[in-house]
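Here's a quick tour for anyone meeting this structure for the first time. Take a look at the sequence and the model, then read on.

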Amino acid sequence: MDESIGLYPLHRCKTIHLVRHAQGIHNVAGEKDHSAYSSEDYFDAHLTPLGWQQVDNLRNHVLAIQLLNKVELVIVSPLLRTIQTAVGAFGGEEDTNGGDATPLMVANAGNSDRPAISSLNSPPFLAVELCRETMGDHPCDRRRSATEYKALFPAIDFSIIETDKDVLWKPSPRESLEEVAARGVEFIKWIWTRKEKEIAIVSHSGFLHGLLSSFGKDCCDDLKKELSIHFSNCELRSMVIVDRGNLGTDSAETTNYPGKLPQGLDNPSG
């Protein structure tokens, strides 16, 4: 048997589109002086103007490959820079008929200097704490209250965030790579409880690196290296995750056909 190739039932697979947020103000400051990441000046950092240009470019790519027609759910880390990236890249169309679709983002949310973004014909958006950035030490990774986000991003579902205030981020110690990797595995297992088969996930470089470091051990060295490469700002990578342990509960949505004969005698036509 050739073990370099795997064959799996389609209904045991999901496609995920992993996205790192666009450039934030903390990225610019941190590249000049790494200690800036520990500054309160960058609490819940928002996108830079260049970051928004990156979002526009990703949006054009998403439309060009018709990804927006395939994604059934957008999962987003509840921080300004990830939410801004998510709604900019996967948000709805401009409502030209004077409708009142709930906005995914109100105008100028998070010092964006951007118009409101509609939820018209967009996939649903769900904020999930499990895919937040490495926590601890860096104020840029501490979130605002869920109430504040709801006012800025009305069409996003924050219902599974358990506390209004951020109780997960602590000044110290900062999460280790092993802890982030374990959170990533927990997140992927949670993905299997969802009914959607194609999901976009907008998160952070540290979390995505930790998540991917938990996988690929059954792959060749080149694929392991590919998984370990850090994400650039606003980079998108599409992957397939496979349920090899029968963890999934929903196998109804499939292209399979049972091929049963119709009831009764199989009489020849006259």
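Two strands count as paired if DSSP finds at least two bridges between them. Keep in mind as you go that this is a predicted model.

**The strand in the middle of things**

Let's start with strand E1, which covers residues 13–20. How many of the residues of E1 are buried? The count is 7 of the 8, so this strand is largely enclosed by the rest of the structure. E1 has pairing partners too. It runs antiparallel to strand E7 (residues 236–242), with 7 bridges joining them. To find this pairing in the model, look for Lys 14, whose bridge partner in E7 is Ile 241. E1 also pairs with E6, this time in the parallel sense, over 6 bridges. A handy marker here is His 17, which has Ala 200 as its bridge partner in E6.

**A serine on E6**

Stay on strand E6 for a moment, since Ser 203 sits there. Is Ser 203 buried or exposed? With a relative accessibility of 0%, Ser 203 counts as buried. Its side chain reaches the backbone oxygen of Cys 131 at 2.6 Å. Leaving aside neighbours within four places in sequence, Ser 203 is in contact with several residues, among them Val 19, Arg 20 and His 21, as well as Ser 77, Thr 82 and Leu 208.

**Nonpolar cores**

In soluble globular proteins, nonpolar side chains tend to be buried together. In this model, the largest nonpolar core has 34 residues, and those with the most contacts inside it include Val 74, Phe 90, Phe 125 and Ile 156. Helix H2 (49–64), helix H3 (80–90) and strands E2 (73–76), E3 (103–105), E5 (125–127) and E6 (198–203) each give two or more residues to this core. Which element gives the largest share? That's H3, with 6 residues.

For a closer look, pick Ile 156. Setting aside its neighbours within four places in sequence, Ile 156 is in contact with Ile 83, Val 87, Leu 104, Phe 125 and Ala 127. Apart from this core lies another, of 22 residues, including Ile 16, Ile 75, Ile 188 and Leu 211.

**Rings that meet**

The model has 3 aromatic pairs. One of them joins Phe 187 and Phe 207 edge-to-face, at 5.7 Å centre to centre and with 85 degrees between the planes. Phe 187 belongs to helix H5 (residues 177–191) and Phe 207 to helix H6 (residues 205–213), so the pair ties together parts that are 20 residues apart in sequence. Both of these phenylalanines, Phe 187 and Phe 207, are buried. Ring pairs also bring in Trp 190, linking it with Phe 187 and Phe 207 into a cluster.

**What about the cysteines?**

How many disulfides does a search of the whole structure find? It finds 0. Why is Cys 220 not bonded to Cys 219? Their sulfurs are 6.7 Å apart, which is too far for a bond, and Cys 219 holds the closest cysteine sulfur to that of Cys 220. The table sets Cys 220 beside Cys 234, which is in no disulfide either.

| Cysteine | Nearest cysteine sulfur | Relative accessible area |
|---|---|---|
| Cys 220 | Cys 219, 6.7 Å | 46%, partly exposed |
| Cys 234 | Cys 131, 16 Å | 9%, buried |

Cys 131 may ring a bell: its backbone oxygen is the one that the side chain of Ser 203 reaches.

How values were computed: Residues are numbered from 1 along each chain as its sequence is written. This is a predicted model: local features need pLDDT of at least 70, side-chain atom pairs count only at pLDDT 80 or more; totals for chains, interfaces and linings use all residues. Side-chain values use heavy atoms; hydrogens and water are left out. A nonpolar core is a set of buried Ala, Val, Leu, Ile, Met, Phe, Trp, Tyr and Cys residues joined through side-chain atoms within 4.5 Å. Buried means under 20% relative accessible area, exposed over 50%, partly exposed in between (1.4 Å probe, protein chains only). Helices (H or I, at least four residues) and strands (E, at least two) are DSSP runs, numbered from the N terminus. Contact means heavy atoms within 4.5 Å. A disulfide is a pair of cysteine sulfur atoms within 2.5 Å. A polar contact is a pair of N or O atoms within 3.5 Å; within protein, one must be able to donate a hydrogen and the other to accept it, and residues adjacent in sequence count only if both atoms are side-chain atoms. Rings of Phe, Tyr and Trp (its six-membered ring) pair if their centres lie within 6.5 Å; planes under 30 degrees apart count as stacked, over 60 as edge-to-face and the rest as tilted.
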